[in-house]
Amino acid sequence: MTTREAENASPQDRMQQSLDRAGLSAHVDVADDQSTLRVVLLGGSRLPFLHFSSADEATTWLENAGIRATADTDEDDNVVLHLPADTVDTVRELLTADYLRAEDAAHALQHALHQAGITLATVTVETPDALFVEIADSDNLETGVNLGVLLGADSIAQGLKLHRPKGMRKLAHRLQLVLTGAVGRGVSVHAEPGCEHRDDRLLIDLRVDQTPHLAARISSTPRPTRAGHIGQPEESPSPWPG
C-alpha cells in the first residue's frame with residue numbers, strides 16, 4: 001500500500017490491513033450506528049492480554065492505556081473492541097506497531113538471504129523483539145556453511161565432519177561467533193541433526209534490532225561461489241576456538 005492509498009483508506013481498512021500485516025487474526029467492521037469501529041479479535045499469541053476470550057482483560061488493557069473504549073464478547077466468545085473514531089489510530093498503533101516492525105525486519109532479512117542464494121532459510125517472528133531463522137538442509141548443512149562464507153568466514157567448515165552431530169554442533173558454534181561479530185551479542189545458533197523424515201537444521205535466534213544490520217551486511221557482500229571445505233582435514237592449525 002502506498003502512502004497516498006493509506007491516506008485515502010477508511011479507518012476500517014487501515015485497521016484491517018495493519019492487523020493482517022502484523023499477523024493478528026481479527027475482523028474489522030463498522031457498528032450499526034456508524035459511530036464506532038468493531039474489532040473482533042479471533043485469538044492468537046500476539047494480543048496484548050493473556051486470555052484472548054476475556055473481555056475483562058481487554059477492558060483492563062484499554063483502561064490502563066487510557067483509551068476511552070469498551071470490550072465485550074460475541075456469540076462465539078471472541079473479544080470485540082468497540083472503538084470510537086478518536087481512539088482507532090491509538091489502538092491500531094498499540095496493537096500492531098511492534099509486530100509490524102518485526103515483520104518488516106523479517107521480510108527484509110528473508111529477501112536479503114534469498115537474493116544471496118541462501119534459499120533454504122525461513123525467517124519468522126517469535127516475539128515483537130526476536131526473530132527465528134531456520135535453515136533446513138540435507139546436504140551436510142552446506143547452506144549454513146555458505147552463510148558463514150558470505151559473512152567472511154571462508155574457513156568456517158575447516159576440519160568439520162558435517163555428516164556427524166558433533167561436526168554440526170561445532171559449525172553452529174562457529175556460525176554464532178561469526179554472527180555475533182556481524183551484529184553483536186545476543187545471537188544463538190543451534191544444530192539439530194535430521195532423521196529419515198527431517199533434514200538437518202540450523203536454528204538461529206536474534207533480536208529484531210540486529211536484523212537490519214545483518215540484512216545490510218548480506219546484501220552488500222558478493223555471493224559466495226562455493227561452500228567451505230566440507231569434510232576436509234585441517235592442513236594448518238584451525239583459527240577457530242575449540
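This passage walks through the salt bridges and two backbone features of a predicted model.

Salt bridges make a good starting point, and the count comes to ten. One of them joins Asp104 to Arg21, with the closest N and O atoms 3.0 Å apart. Asp104 belongs to helix α4 (residues 88–115) and Arg21 to helix α2 (residues 11–21), so this pair ties together parts that are 83 residues apart in sequence. Asp104 is partly exposed, at 41% relative accessibility, and Arg21 is partly exposed too, at 46%.

A further salt bridge brings together the side chains of Asp86 and Arg68, at 2.8 Å from N to O. Here the link runs between loops: Asp86 sits between β4 and α4, while Arg68 sits between α3 (55–64) and β3, 18 residues apart. Both Asp86 and Arg68 are exposed.

Asp209 pairs with Arg207, and the closest N and O atoms of this salt bridge are 3.0 Å apart. Asp209 has a relative accessible area of 45% and is therefore partly exposed; Arg207, at 37%, also counts as partly exposed. Elsewhere, salt bridges link Glu134, Glu192, Arg198 and Arg201 in a network.

Turning to the backbone, Asp77 has a positive phi, near 65°, although it is a residue other than glycine. Asp77 is found in the loop that connects β3 (70–73) with β4 (79–84). Asn140, likewise not a glycine, has a positive phi of about 55°. The loop that holds Asn140 runs between β6 (130–137) and α5 (142–150). With a relative accessibility of 28%, Asn140 counts as partly exposed.

Technical notes: Residues are numbered from 1 along each chain as its sequence is written. This is a predicted model: local features need pLDDT of at least 70, side-chain atom pairs count only at pLDDT 80 or more; totals for chains, interfaces and linings use all residues. Side-chain values use heavy atoms; hydrogens and water are left out. Helices (H or I, at least four residues) and strands (E, at least two) are DSSP runs, numbered from the N terminus. Buried means under 20% relative accessible area, exposed over 50%, partly exposed in between (1.4 Å probe, protein chains only). A salt bridge is a side-chain nitrogen of Lys or Arg within 4 Å of a carboxyl oxygen of Asp or Glu.
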